Amino acid sequence: MDDDPGTAQQRGRPPRSAGPEPPQAPRPRDVPVEGTRRTRLADERTYLAWWRTGFAAFAVSLGAGKIVPSLTKGPRWPYTTLGAGFAVLGLVLVGYGLMRQRQVEAAITRGDFAPPNQVLIAVLAATSMLLGVLLLVLVVVS
């Protein structure tokens, strides 16, 4: 290899320095390392996913509780009750998403892991499945 700066630049390489590499400045403590930065961004995306899921439940609540009853001739109360159930589910999803985001952020800062509350996750899944079955029954029966 040639060390001529002019020849190195012609070939698209930066010229080699003749002396030792200069020492790098120490990294400030508040600048996260690459892995931590990615983990925080993933936590933010997960938090937004909790929001999207909660807002989807709000949309189903509006459709089942207000729009569908105005289009049917039968009793309104089953749709209104189901709509209220989806609204409560949406509130819990958005609230838990905020709580979870704060837990994970604190764990990242400590260099730790914060597992999700398995009981609450199971209750959310069971509630979603129950509301889905009730919605299916209303659609089939009406």
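**Helices, core and ring pairs in a predicted model**

With a relative accessible area of 32%, Trp 51 is partly exposed, and this residue offers a starting point for a walk through what is a predicted model. Phe 55 likewise counts as partly exposed, at 45% relative accessibility. Both residues lie in helix 2, where four residues, or about one turn of the helix, separate them. In general, an α-helix has 3.6 residues a turn, so residues three or four places apart point the same way. Trp 51 and Phe 55 also belong to a cluster in which ring pairs link them with Tyr 47 and Phe 58.

Before going further into the side chains, it helps to consider confidence. The average pLDDT of the chain is 85, and 77% of the residues score at least 70. The lowest confidence in the chain falls in helix 1 (residues 5-10), with a mean of 54, whereas the highest, 96, belongs to helix 3. Where pLDDT is low, the predicted coordinates should not be read in detail.

Helix 3 also lends itself to a check of its length. Its 34 residues, at 1.5 Å a residue, should span 50 Å, and the C-alpha atoms at its ends are 49 Å apart, which agrees with that expectation. Just after helix 3, Gly 111 adopts a positive phi of about 80 degrees.

The interior comes next. The largest nonpolar core consists of 11 residues, namely Trp 50, Ala 57, Tyr 79, Leu 82, Phe 86, Leu 89, Leu 93, Tyr 96, Leu 124, Leu 131 and Leu 138. At least two residues of this core come from each of helix 2 (34-71), helix 3 (77-110) and helix 4 (118-141), and helix 3 provides the largest share, with six residues. Within this core, Tyr 96 can be followed through its contacts: leaving aside residues up to four places away in sequence, Tyr 96 touches Trp 50, Pro 116, Asn 117, Leu 120, Ile 121 and Leu 124.

The contact between Tyr 96 and Trp 50 leads on to the aromatic rings. The structure contains four aromatic pairs. One of them is formed by Trp 50 and Tyr 96, whose rings meet edge-to-face, with 5.0 Å from centre to centre and 80 degrees between the planes. Because Trp 50 lies in helix 2 and Tyr 96 in helix 3, this pair ties together parts that are 46 residues apart in sequence. Both Trp 50 and Tyr 96 are buried. The rings of Trp 51 and Phe 55 are edge-to-face as well, since their centres are 5.6 Å apart and their planes stand at 70 degrees, where an angle over 60 is what counts as edge-to-face.

Charged side chains supply a further set of links, and the count comes to two salt bridges. In one of them, Arg 40 is joined to Glu 105, with 2.6 Å between the closest N and O atoms. Since Arg 40 lies in helix 2 and Glu 105 in helix 3, the pair ties together parts that are 65 residues apart in sequence. Arg 40 is partly exposed, with a relative accessible area of 28%, and Glu 105 is partly exposed too, with a value of 24%. Another salt bridge brings together the side chains of Arg 110 and Asp 112, at 3.6 Å from N to O. Here Arg 110 is exposed, with a relative accessible area of 55%, while Asp 112 is partly exposed, at 48%.

Technical notes. Residues are numbered from 1 along each chain as its sequence is written. Side-chain values use heavy atoms; hydrogens and water are left out. A nonpolar core is a set of buried Ala, Val, Leu, Ile, Met, Phe, Trp, Tyr and Cys residues joined through side-chain atoms within 4.5 Å. Buried means under 20% relative accessible area, exposed over 50%, partly exposed in between (1.4 Å probe, protein chains only). Contact means heavy atoms within 4.5 Å. A salt bridge is a side-chain nitrogen of Lys or Arg within 4 Å of a carboxyl oxygen of Asp or Glu. The expected span of a helix is 1.5 Å times one less than its number of residues. pLDDT is the predictor's confidence in each residue, from 0 to 100. Rings of Phe, Tyr and Trp (its six-membered ring) pair if their centres lie within 6.5 Å; planes under 30 degrees apart count as stacked, over 60 as edge-to-face and the rest as tilted.
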